[in-house]
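Subject: Structure handover

Hello,

Here is the structure I said I would pass on. My notes follow below it.

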Amino acid sequence: MTSTPAVPAMGTKDTGEDTAIQPPIAKRVKQKLTSRGATIAAVIIAVVWTVPTAGLFISSFRPEENINQNGWWNVLANFEFTLDNYSDVLVSGGSQSPNLGQYFINSLAIVIPATLIPLVIASMAAYIFAWSRFRGKDTLFVFIFALQIIPLQMALIPLLTLFVNLKIGEFELLPSGSYAQLWIAHTIFALPLAIFLLHNFIAEIPGEVIEAARVDGAGHATIFWRIIIPLSVPALASYAIFQFLWVWNDLLVALVFSGGTGDVAPITQRLAELTGTRGGEWHRLTAGAFVSMIVPLLVFFGLQRYFVRGLLAGGLKG
Amino acid sequence: MEDLGEKFLQVVIAMAIFAAVIGIIMLLVDRAPKSFRDKATIIGFLAPAAILLIIGMVWPALQTTFLAFTDRDGNINGIDNFIWMFTEPTALVTLRNTVLWVILVPTISTIIGLVYAVFIDKAHGERVLKALVFMPMAISMVGAGIIWNFMYAYRGAEQEQIGLVNQILVWFGSEPRQFLLEAPGNTFFLIAVMVWIQVGFAMVILSAAIKGIPADIVEASRLDGATAWQQFWSITIPSIRGALVVVVTTITIITLKVFDIVRTMTAGNYDTSVIANEMYTQAFRANEPGRGAALALILFLMVLPVVIYNARVLKKQKEIR
């Protein structure tokens, strides 16, 4: 929801150490301040923050009997390792299996268009807001920016009604239980923040570049695709990662618009349902939770700097 | 898995249709008569976003506002939904819980995040220490809910515990507890999950702000003989005040809308519901769209001042710079 860089460091510097460029005196001063007690306290916090996830991870590889017999911290005492939980939740066709493989595919099928579509639409709008002049432009831009204050919840009920009633004769344009409702809903909710963030970046592109292209006779479409988009790749990447994680991790939009069928529901929805109905099946829930977490964790550890940059730029929505 | 191909095809078709629409817009814009070209570009480039936002956000928000004053059959019933909200005992519990969440999550998350950011600043392995605490931000709240359901798992006292929190209780000689079933304590155990997620966010923002404090100020105070404690209060805190406000307000906004954690862990039962969850339950489960809309409206009114304040602070910060 916040919308402008929260800290001056944004974009110029990542959160990593920069001790190398510090003068030696400052370094010595800093080192003395980092007392042993503080380090120990920090390590304790880090451990407390990591243990819950680690416990789940370890449990997901323990056989069902072991999980139900004792806690995962006994794993070394009776060491057994299995992939059965994963094969059970992912691929087994058994009637007891949660069939998460299918829902995993659904998540992918939802998240790819729901990331790309708003990215394109928002860049187009951002380009206009940054580089054209027309009456009422600033007012319109502020209005779109202000839309960020509307919580998702304000739109859900009427939007669902609208989707259901959108028919040509008997033909439903957006049938419930299709991905289309989810794609469009995610696109709409992404737009205000996306337009704002991308505008901030696109407006920084030097005017001479665009002017030069115009002189050469390039039209707006050409300028947009050949100049604006390539030059905006860092901002586009940051926002795309953000939107990707948001959609992948979403539960509310999925619950409202997926129609609850296994044909389109994403993995988060399936897991939430399993937690409610089969909360005691820890061998399935632990493995299932990890299946759902693997994609965001890969994105997170692989592209952490972009993700952090997006956060620092105020990339929060909903 | 046999429908994999079909799903893949759906995605490809959708993207093709989308590409075609965008392609037509680009073509029309470029082929428009010269005198009209700039105008055509503005209309063509803004239209997709404008149409989607008007149909999907502005209009629905207005409709929700209207719905809040209707009953389940769509008849106008004045402020009945709001009377229900502020008199019905279960609805009052929902409001009370929301207030608890909004007070506790931002405060505790910011304090722990700040302490951690200060402690690990320039420490060995700072990157790793940061990633460990930040990681819960990346996973879904549903995943976090399952992780903590497992932490809180309960077995009778005669059995071995499989949940770590109960095991720790047992190690210290007390009885295992049903953390998520016993009100009012259960709300606090749900809040702990949200804190676990948000500390990472607070830490990352505050850590970046701390690194932005000019080294010569820190050095000067050091030469003046300030202790680490004095330095923290008279240098660090004043220098990062803006970032602190941003962190607190942002977490407040996220917390007001918290849904997934409550939905996954208790579904709002056992007196743990919050506004966002109750809104979903009333509108989409209990067939009470009027009450759902009224809750959404209250949520909007609660978020509004925080967002405006947040935007103001950010603007001021920008001007100072």
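What pLDDT does chain B average, and what share of the residues score at least 70? This is a predicted model, and chain B averages a pLDDT of 89, with 98% of the residues at 70 or above. For the complex, the predictor gives an ipTM of 0.88 and a pTM of 0.86.

Overall make-up of chain B

Chain B contains 14 helices and zero strands. Read along the sequence, its pattern is α-α-α-α-α-α-α-α-α-α-α-α-α-α. The C-alpha trace of chain B spans about 75 × 60 × 50 Å along its principal axes. The radius of gyration of chain B is 25 Å, where a compact globule of 321 residues would come out near 20 Å. Of the 321 residues in chain B, 46% are buried. If contacts in chain B are limited to residues at least 6 apart in sequence, 66% of them join residues at least 24 apart.

Interface with chain A

In chain B, 104 residues are in contact with 101 residues of chain A. The element that gives the most to the side of chain B that touches chain A is helix H2 (residues 37-67) of chain B, with 16 residues. By residue class, that side of chain B divides into 71 nonpolar, 17 polar and 16 charged residues.

Helix H6

Helix H6 of chain B covers residues 141-151 and is mostly covered, with eleven of its eleven residues buried. The buried residues of H6(B) start with B:Met141, B:Val142, B:Gly143, B:Ala144 and B:Gly145. They go on with B:Ile146, B:Ile147, B:Trp148, B:Asn149, B:Phe150 and B:Met151.

B:Gln282

One residue I looked at separately is B:Gln282, which is in helix H13 (residues 275-285) of chain B. Is B:Gln282 buried or exposed? B:Gln282 counts as buried because 26 other C-beta atoms lie within 10 Å, and the cut-off for buried is 20 or more. Leaving aside neighbours within four places in sequence, B:Gln282 is in contact with B:Glu288, B:Arg291, B:Gly292 and B:Leu295. As for the last of these, B:Gln282 and B:Leu295 are 13 residues apart in sequence, and their C-alpha atoms are 8.9 Å apart in space.

Regards

Methods:
Residues numbered from 1 in each chain as written. Chains lettered and ligands numbered in written order. Predicted model: local features only at pLDDT ≥ 70, side-chain atom pairs only at ≥ 80, totals over all residues. pLDDT = per-residue confidence, 0-100. Buried ≥ 20, exposed ≤ 12 C-beta atoms within 10 Å, placed from the backbone. Helix = DSSP H or I, 4+ residues; strand = E, 2+ residues; numbered from the N terminus. Contact = placed C-beta atoms within 7 Å. Rg over C-alpha atoms; globule rule 2.2 N^0.38 Å. Nonpolar A, V, L, I, M, F, W, Y, C, P; charged D, E, K, R; others polar.
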